[in-house]
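I opened the model to look up three things. They are the ligand surroundings, the pocket and the nonpolar cores.

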Amino acid sequence: MLRPQDTSTRERKALDGLWDFRLDAAGEGRSAGWARGPLEGATAMPVPASYNDIPADAAARDHVGDAWYQTTVRVPRGWAGRRVVLRFDAATHRAVVWVGDTEVMTHEGGYTPFEADVTALVTPGDEIRVTAVVNNELSFQTIPPGVVEDTPQGRRQRYFHDFFNYAGLHRSVWLYATAPEHVTDVRVVTDVRPQGGAPTGVVRYDVEHEGGAAVRVTLRDAAGDVVATADGAHGELVVPGAHLWGPGHGYLYEADVELLDAEGATLDSYLQTVGIRTVEVRGTQFLINGEPFYFTGFGKHEDAPVRGKGHDDAHLVHDFALLDWVGANSFRTSHYPYADEVYDYADRQGIVVIDEVAAVGQNMGLGGGIFGGQNYVTFSPETINDTSREVHAQAIRELIGRDKNHASVVLWSIANEPESDTDAARAYFEPLFALTRELDPSRPVGFVNVMLAPHGRCQVSELGDVLMLNRYYGWYVNTGDLAAAEVAWRTELEGWASEGKPIVVTEYGADTIAGLHSVTPTPWTEEYQVEYLEMNHRVFDSIDAVVGEHVWNFADFATSSGVFRVDGNKKGAFTRDRRPKAAAHALRRRWTRDR
Ligand code: GCB
């Protein structure tokens, strides 16, 4: 799906700011027609933000069900004769949207955009009322899964993943205008042909559009100079002496995708950034531009005090500054697709991204232990079933549809820690791997394996191009005994290395309360976190197939309540307010030693 843009033919207007807001715990608003007029009894709610932590009220924080958002916006007068689109960058986890009294769209899935052509419902120069009902309930047929339980005290949402179920309008809402004849999709896939000293870059493109206009694509370099042009909806742009996009080197070209009328006048212009690079798995190596790449960095979360999962450019730029400070070259969008702005900035900064779909918590063995899912079977007709898989497939389609053109994205992760040691898991995942490869043959694909399905037991890993492993030797097992942890971890990892695929350790970490200290190896102290990481690094450095280390987590983050968590998960190298723990300094020493 294309982004709202300001170009010579497109205009956009953000609907961000304070919206009217009302919780609907009783679920009466839909039948009572709350969208048909101004929301009664509404309070103010900022967009973008999670609503949970804004009102200082447990009823909002722990709300289960519908939440109503409403605003009015004036459609610019200059948009007469234009196609007008209403777009939500995300609504967690699903929404129905009305313009005036008319329902215009519904969407399932909390982390990808959706939009509707509302031209027929608006008059340029007039105001419209936009209402969205956003629902946060998770079931076995949602991604991620959960269960809503009816209790004497009310409805309670249980879920099997380790981050707070923040909800609401987490990202921007837009009204935008295009010409009636317009570009509907663009795909670019790049290649590099070595040629003497300077490589030749190749940008293959496919343009989809409405109407019969001619397509022209003009590629400009970062200085704005035209370096290649091509005509037709499908084609190739060849760039001799190309500046390659690479880790730490976010060089971007820009493709102006134009629709031209018979006289050659521009009907539509969509600007697509292009980083020319290649990604390849060869043996146990992960190659970017033909060079072995070693991932250093973190699994992250979209998580901050007050805003919850609401996107914020200040947090974005600051987090990337800290990634640079600590020497990280990459991160994983654990455990869901992040805001578009994050990938744009990663492209610009040359930060490498493992892009993950929101399939987390599909594991009742694990969820059972920590989150109370012990009465469920993971994959069964009553739990995660064919319908769930279709929802999962659609989430993969939307992830790739949205992110396929980002140079920073080098690897798709189609699940985090699902059950993977059963025939049912294998049957569930096989078609999803096939789908991902069909949708994007240009990138490797994998899923993140859990400790409960160690080497020799996992039935899904062989479907992936890269092995992604989350392991907590020295934390959840061998707690406090790093010597025993080191032996056990090395033994397991050597087993995985025998598979002949690159291994990225996508999680290793130890909860740490900033300011807690000890002279002996004591879990939860800053010293223990450092020693734990050092032990892991000794193991990684002794195994060639390990091509990456992503510490869990970049920063402390909010979770549901539980005896395992002290005001959230504390495995951050940084605190939730982004102050470094001793571990951050230790990582910095390791990751910047060659700078
Ligand atoms: C994991 C999960 C992650 C948790 C983490 C932990 O394996 O992938 O979501 O937060 O462990 O800290 O337990």
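**Ligand.** I listed the residues around the ligand in this predicted model. I found 13 of them. The closest are D162, H335, E417, Y476 and K571.

I then looked up polar contacts. The side chain of E417 has an N or O atom 2.4 Å from an oxygen atom of the ligand. For E507, I read 2.7 Å between a side-chain N or O atom and an oxygen atom of the ligand. W552 also places a polar side-chain atom 3.0 Å from an oxygen atom of the ligand.

**Pocket.** Next I turned to the largest pocket. I noted a volume of about 580 Å³. Its lining holds 28 residues, and R3, Q5, Y270, L271 and D344 are the closest to its centre.

Which elements give two or more residues to this lining? I wrote down β13 (183-193), β19 (266-274), α4 (340-349) and α6 (386-403). The largest share comes from α4, with five residues.

I also sorted the lining of the largest pocket by residue type. I have 14 charged, six polar and eight nonpolar residues.

**Cores.** Last, I checked the nonpolar cores. The largest has 87 residues. Within this core, F298, F320, F429, W489, L493 and Y532 touch the most other members. Helix α9, residues 526-541, gives the most to this core, and I noted seven residues from the helix.

I found a second core, separate from that one, with 33 residues. Among them are V47, F88, A95 and M105.

Technical notes:
Residues are numbered from 1 along each chain as its sequence is written. This is a predicted model: local features need pLDDT of at least 70, side-chain atom pairs count only at pLDDT 80 or more; totals for chains, interfaces and linings use all residues. Side-chain values use heavy atoms; hydrogens and water are left out. On a 1 Å grid over the protein atoms alone, a cavity is a set of points where a 1.4 Å probe fits but cannot get out, and a pocket is an open set with protein on both sides within 12 Å along at least five of seven lines; lining residues have an atom within 4 Å of a point. Grid points are joined across faces, edges and corners, and a volume is the space filled by probe spheres set on the points. Helices (H or I, at least four residues) and strands (E, at least two) are DSSP runs, numbered from the N terminus. Ala, Val, Leu, Ile, Met, Phe, Trp, Tyr, Cys and Pro count as nonpolar, Asp, Glu, Lys and Arg as charged, and the others, Gly among them, as polar. A nonpolar core is a set of buried Ala, Val, Leu, Ile, Met, Phe, Trp, Tyr and Cys residues joined through side-chain atoms within 4.5 Å. Buried means under 20% relative accessible area, exposed over 50%, partly exposed in between (1.4 Å probe, protein chains only). A residue is near a molecule or strand if one of its heavy atoms lies within 4 Å of it. A polar contact is a pair of N or O atoms within 3.5 Å; within protein, one must be able to donate a hydrogen and the other to accept it, and residues adjacent in sequence count only if both atoms are side-chain atoms.
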